[in-house]
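Colleague: Please look closely at how charged side chains pair in this model, and then set that part in its surroundings. I would like one connected account, with some indication of how far the prediction can be trusted.

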Amino acid sequence: MKNRYPLTGTLSQTLCAAALMAPALRLVPGQAARYALRACWVSVLAAVPFILLDIWFLSAFLKNRAPGEGLREMLLRALGPVFGGAVSAVFCLWMLFYCAFILRSGAERFISTVYPSSRPAFFSAAMAVLGLIAALGKPETLARTAKVTLPVVAAVLILVFALSLATVELPELLPVTFSDALPVLEGAVPIVNVVCALLTYICFLEGGVPKAPGRTRRWGLWLVPVTLFLLCICVTTVGNFGGALTADLSYPFFAMVRNVRLLHTVERIEALVVTLWVLPDFVLVSMLLIIASRGIAALLGYPPADGSSAYLDMKNGRYIIPLCAFSAAAASVLLSPDAFALEFLSSRLVPGLNMALIFVLLPVCFAVGKLRHTI
């Protein structure tokens, strides 16, 4: 098979890291603090072994892939064209649903923090258009965009972390005792869910990465700065607000940022941070649209995209890309009528469905493929 997604291993890791920032900044440490309170920063460390196990599992799933094959193709090999196609369709539909959810949650973030009198449809439509533009291009273009924007986002976050660490109160973080063991493990669940979700999604673009030994080691090293990033989010937010308040806030990290004053002046930097949060949302939405649209096109029998089509050429199934973007935008408007329904989606439905697909359905597919000796 032709290597139709000419990504490098570094670009795919950069793309995954940039996309990870969107759900991490939104969910961590709020959901972890609901279980572990002040010990939620320990939940980050407790999540690492489970994430490493998932990295090993995904590497084992992709171990015998041929050049140009990603996770979708391995599902077809594991289950056959009928059942493999059905599972692939389930993942494509899930990508569209999750894309709609990201559009809606991103819009809600703007409404609840900056533009309280606005409607979510405008923000959802704007981000969907940006994602459509990126999805009509090449995946490596999106990855290179992430490579350029990620250091900018990281620099701003490092500044926020540095300023907020000065006001961290250690009694809000310590002590952590053996009685916190179970809450810490419960707090690790949403962290594992968020990171492993992105690790799984990027595997659908694995066909563009040259096959090379040591995949588990490379992604294990990738996890080091990611763990440090998640630790900083938890330590700075809980250290300033305490575990109980962090658990009660809808966007605790953003609320913490609003209290950081730059160089002791009255100028706040939350507007800049919110603007930069658009970049991870853009990367994640675009990546989901690429995976979903190309998966649906393959299921409908269209030839694999090679990236050589004109930008507005809708032949060979490329019309599916704007259809996916429109569907996600429309679903995002209908998905949640208010912030309370969105909270249920964010804390219950979406994580539950995501865990069922990643930690139940995918291992079953792997086991079947091994029993059939097809992967």
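Modeller: A salt bridge here is a side-chain nitrogen of Lys or Arg within 4 Å of a carboxyl oxygen of Asp or Glu. Everything that follows concerns a predicted model, in which the protein chain averages a pLDDT of 87 and 92% of the residues score at least 70. Among the elements of the chain, helix α3 (residues 40-61) has the highest confidence, at a mean of 95, and helix α10 (residues 252-257) the lowest, at 84.

The structure holds five salt bridges, and the one I would take up in detail joins Asp 281 to Arg 109, whose closest N and O atoms lie 3.0 Å apart. This pair links distant parts of the chain, since Asp 281 belongs to helix α11 and Arg 109 to helix α4 (residues 71-113), with the two positions 172 residues apart. Asp 281 counts as buried because its relative accessible area is 5%, under the 20% limit that is used for that word. Arg 109, at 4%, is likewise classed as buried. As a general point, side chains of opposite charge can pair when their charged atoms come close.

Two other bridges give useful points of reference. In one of them the side chains of Glu 73 and Arg 72 meet with an N to O distance of 3.5 Å, and both Glu 73 and Arg 72 are buried. In the other, Arg 77 meets Glu 69 at 2.8 Å, N to O; here the classes of the partners differ, because Glu 69, at 9% relative accessibility, is buried, while Arg 77, at 25%, is partly exposed.

The helix that carries Arg 109 also matters to the nonpolar interior. The largest nonpolar core has 122 residues, and those with the most contacts inside it are Phe 61, Tyr 201, Trp 222, Phe 253 and Met 287; the largest share of this core, 16 residues, comes from α4. Of those named, Phe 253 can be followed further: beyond its neighbours within four places in sequence, Phe 253 is in contact with Leu 25, Leu 157, Val 160, Phe 161, Ile 233, Thr 236, Thr 237 and Trp 277. Thr 236, one of these partners, sits in helix α8 (residues 215-241) and is buried, with a relative accessible area of 1%. The contacts of Thr 236, again without its neighbours within four places, are with Phe 161, Ser 164, Leu 165, Val 168, Phe 253 and Met 256.

Towards the start of the chain, two further buried positions deserve a place in the picture. Leu 27 lies in helix α1 (residues 9-27) and is classed as buried at 11% relative accessibility; apart from its neighbours within four places in sequence, Leu 27 touches Val 194 and Ser 346. Gln 31 lies in helix α2 (residues 30-36) and is buried as well, with a relative accessible area of 11%; its contacts, with the same neighbours left aside, are Pro 190, Ser 346 and Ser 347. In the loop between α1 and α2 stands Pro 29, and the peptide bond from Val 28 to Pro 29 is cis, with omega near 5°. A cis bond also joins Leu 174 and Pro 175, where omega is about 0°, and Pro 175 belongs to the loop between α6 (139-165) and α7 (181-203).

These bonds merit a second look, as do two phi angles, because most residues other than glycine have a negative phi and most peptide bonds are trans. Leu 37, in the loop between α2 and α3, has a positive phi of about 50° although it is not a glycine, and with a relative accessible area of 42% Leu 37 is partly exposed. His 373, in the segment after α13 (339-371), has a positive phi of about 55° and counts as exposed at 72% relative accessibility.

Finally, on the outside of the model, Leu 300, Met 314, Tyr 319 and Leu 323 make a nonpolar surface patch of about 360 Å². Met 314, placed in the loop between α11 (270-299) and α12 (320-335), is partly exposed at 30% relative accessibility.

Key:
Residues numbered from 1 in each chain as written. Predicted model: local features only at pLDDT ≥ 70, side-chain atom pairs only at ≥ 80, totals over all residues. Heavy atoms only, no water. pLDDT = per-residue confidence, 0-100. Helix = DSSP H or I, 4+ residues; strand = E, 2+ residues; numbered from the N terminus. Buried < 20%, exposed > 50% of the residue type's maximum accessible area, 1.4 Å probe, protein only. Contact = heavy atoms within 4.5 Å. Patch = residues over 30% accessible without salt bridge, like charges linked within 9 Å, V, L, I, M, F, W, Y side chains within 5 Å. Areas by Shrake-Rupley, 256 points an atom, 1.4 Å probe, with all protein chains shown as cover. Core = buried A, V, L, I, M, F, W, Y, C linked by side-chain atoms within 4.5 Å.
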